[in-house]
Amino acid sequence: MSVTDTTPVNRTAVPGPATPYQGDIARYWDHEARPVNLRLGDVDGLYHHHYGIGEVDQEALGAPDDSEREKKLVTELHRLESAQTDVLLDSLGDIRPEHTLVDAGCGRGGSMVMAHQRFGCKVEGVTLSAKQAEFGNRRAKELGIDDSVHAQVRNMLDMPFGTGTVRGSWNNESSMYVDLHDLFAEHARILSVGGRYVTITGCWNPIYGQPSKWVSQINAHFECNIHSRREYLRAMADNRLVPNAVVDLTAATLPYWELRATVPSLVTGIEEAFINSYKDGSFQYLLIAADRV
């Protein structure tokens with residue numbers, strides 16, 4: 001299937017941003033329509049806004065002169081990004097149909113759909129982008145799951161969910177847009193005691209000393225502020241989130257980036273910064289799972 005993201009941006013229905021920076025981020029994602037996000041999602045209708053992990057299936061790519069080579073490359077990249085979501089969902093623990101999950105920074109909703117398909121539960125998403133929320137809700141309706149999967153335009157630092165009403169929540173490559181203490185305070189508020197929070201994120205390595213030039217390029221490209229690994233763990237500890245797993249996925253994500261860099265129609269110009277920073281150790285790709293105590 002193929003879905004062209006022509007969703008109109010309805011700014012009149014959107015709560016005003018809490019800060020000028022949030023307004024900038026909302027505008028950035030409202031107008032984002034990179035082929036790498038849309039074409040990968042066209043493979044099976046799961047539209048993600050994150051990267052991939054796992055070894056590349058070289059046999060699935062076919063021969064270099066295969067007329068279907070680029071289509072196969074796109075399919076493989078999408079398989080790797082969905083594999084990343086599977087790893088995140090694996091880390092949520094015991095989720096049952098009666099539970100509620102929250103995707104903070106949900107993008108176009110691919111991870112929410114996968115979570116509902118796996119657990120059969122209600123999944124709520126928040127994003128600053130009206131365009132992303134409308135796209136995700138349209139896809140949920142097309143799939144017949146809009147009674148269980150829903151996105152809304154809200155600030156992830158002020159989520160519209162009751163205290164202790166959520167069993168699991170996550171940020172999948174979205175935590176670099178906010179202050180971590182504010183973010184984890186809000187996740188701790190909505191999570192029930194014993195609930196699980198998971199993040200998969202790129203973070204700069206404090207052992208390197210300071211953010212490298214590659215990390216600075218990534219910040220500029222996405223208009224974000226990448227945090228250090230140390231900041232994540234400190235902010236969790238300050239907000240009653242106790243890590244039960246810290247998994248270094250850096251080696252697992254390199255194949256995705258090296259493959260993506262070979263597809264000219266998908267290249268955005270940031271691939272070199274990711275590859276080099278992962279290789280020189282200044283940047284890490286981590287999964288952190290933490291329990292609300």
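**Notebook: helix 11 and some aromatic rings**

I began with two rings: Tyr-51 is buried, and Phe-274 is buried too. Note to self: this is a predicted model.

**Entry 1: the Tyr-51 pair**

How are the rings of Tyr-51 and Phe-274 arranged? I found an edge-to-face pair, 5.2 Å centre to centre, with 70° between the planes. Then I checked where the partners sit along the chain. Tyr-51 is in the loop between helix 2 (35–41) and helix 3 (58–61), while Phe-274 belongs to helix 11. That puts them 223 residues apart, so I wrote this down as a link between distant parts of the chain.

**Entry 2: a tilted pair**

Next I looked up Phe-184 and Tyr-232. Their ring centres are 6.3 Å apart and their planes stand at 50°, so this pair is tilted. To count as edge-to-face, the planes would have to be over 60 degrees apart. Phe-184 comes from helix 7 (residues 180–190) and Tyr-232 from helix 9 (residues 229–237), so the pair ties together parts that are 48 residues apart in sequence. Buried or exposed? Phe-184 has 0% relative accessibility and counts as buried; Tyr-232, at 1%, counts as buried as well.

**Entry 3: the wider set of rings**

I wanted to know how many aromatic pairs the structure holds. The count is 14. I also found one aromatic cluster made of Tyr-51, Phe-222, Tyr-256, Trp-257, Phe-274, Tyr-278, Phe-283 and Tyr-285. So much for ring on ring; I noted a charge on a ring as well. The charged end of Arg-108 sits over the ring of Phe-135, 5.3 Å from its centre.

**Entry 4: back to helix 11**

Which residues of helix 11 (residues 271–280) are buried? My list reads Glu-271, Ala-273, Phe-274, Ile-275, Ser-277 and Tyr-278. I looked for what these buried residues pack against and got helix 8 (213–222), helix 10 (250–260) and strand 7 (283–292). Just after helix 11 comes Gly-281, with a positive phi near 85°.

**Entry 5: helix 8 meets helix 11**

I picked one of those neighbours. The axes of helix 8 and helix 11 come within 9 Å and cross at roughly 145°, and the crossing is left-handed. On the helix 8 side, Trp-214, Gln-217, Ile-218 and Phe-222 make the contact. Helix 11 brings Glu-272, Ala-273, Phe-274, Asn-276, Ser-277 and Asp-280. Sorted by class, I get five nonpolar, three polar and two charged residues. Phe-274 turns up again here, after its pair with Tyr-51 and its place in the cluster.

Key:
Residues numbered from 1 in each chain as written. Predicted model: local features only at pLDDT ≥ 70, side-chain atom pairs only at ≥ 80, totals over all residues. Heavy atoms only, no water. Buried < 20%, exposed > 50% of the residue type's maximum accessible area, 1.4 Å probe, protein only. Helix = DSSP H or I, 4+ residues; strand = E, 2+ residues; numbered from the N terminus. Contact = heavy atoms within 4.5 Å. Axes fitted to C-alpha atoms, helices over the stretch in contact; angles between N-to-C directions. Left-handed = near helix turned anticlockwise from the far one by under 90°. Nonpolar A, V, L, I, M, F, W, Y, C, P; charged D, E, K, R; others polar. Phe/Tyr/Trp six-rings, centres within 6.5 Å; stacked < 30°, edge-to-face > 60°. Lys NZ or Arg CZ within 6 Å of the ring centre and 35° of its normal.
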